[in-house]
Amino acid sequence: MSLRAGRLRHRITIQEQNLVSNGRGGFKPADGQDPWRPIAASVPAEVLALRGDEAVKHLVERAVQLWRVTTRPRTDVTPTHRLVWKGITMNIKSVAVSVAGDELVMTCVSGENGR
């Protein structure tokens with residue numbers, strides 16, 4: 001299936017963790033700054049809600065939503081990044097280029113605590 005521009009009607013922001021050296025060979029969140037920083041804003045994408053569910057984490061029940069987000073191919077996106085769309089923060093679970101090589105397909109989850 002070819003990636004037509006009309007499918008990419010949504011705009012997402014791709015974010016990475018805002019980490020600085022801790023002076024001992026590791027990294028820590030930057031003091032006094034947002035823990036996430038944008039690496040790309042207003043990226044054309046197709047955002048599809050796949051399945052909603054409920055999850056229990058730390059004895060708290062919360063709604064969890066599974067998403068499929070498709071963009072043009074990129075080499076700078078990994079599961080360590082996250083997406084923001086219309087105020088919804090999505091943790092990236094998997095990233096794959098389509099067989100034809102014309103799409104980057106990400107499986108994401110919103111409603112999780114943590115990252």
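Two exercises on a predicted model follow, each with a worked solution.

Residues are numbered from 1 along each chain as its sequence is written, and side-chain values use heavy atoms, with hydrogens and water left out. Because the model is predicted, local features need pLDDT (the predictor's confidence in each residue, from 0 to 100) of at least 70, side-chain atom pairs count only at pLDDT 80 or more, and totals for chains, interfaces and linings use all residues.

**Exercise 1.** Determine which residues form the aromatic pair, and where they lie.

Step 1. Rings of Phe, Tyr and Trp (its six-membered ring) pair if their centres lie within 6.5 Å, and planes under 30 degrees apart count as stacked, over 60 as edge-to-face and the rest as tilted.
Step 2. A search of the whole structure yields 1 aromatic pair; Trp 67 and Trp 85 form it, edge-to-face, at 5.6 Å centre to centre with 70 degrees between the planes.
Step 3. Trp 67 belongs to strand E5 (residues 60–71) and Trp 85 to strand E6 (residues 82–85), 18 residues apart, where strands (E, at least two residues) are DSSP runs numbered from the N terminus.
Step 4. Mean confidence in the chain is lowest in E5, at 83, and highest in E6, at 98.

**Exercise 2.** Decide whether Leu 104 is buried or exposed, and state its distance from Val 69.

Step 1. Buried means under 20% relative accessible area, exposed over 50%, and partly exposed in between (1.4 Å probe, protein chains only).
Step 2. Leu 104 has a relative accessible area of 2%, and therefore is buried.
Step 3. Leu 104, in strand E8 (residues 104–110), is 35 residues from Val 69 in sequence and 8.2 Å from Val 69 in space, C-alpha to C-alpha.

How values were computed:
Helices (H or I, at least four residues) and strands (E, at least two) are DSSP runs, numbered from the N terminus.
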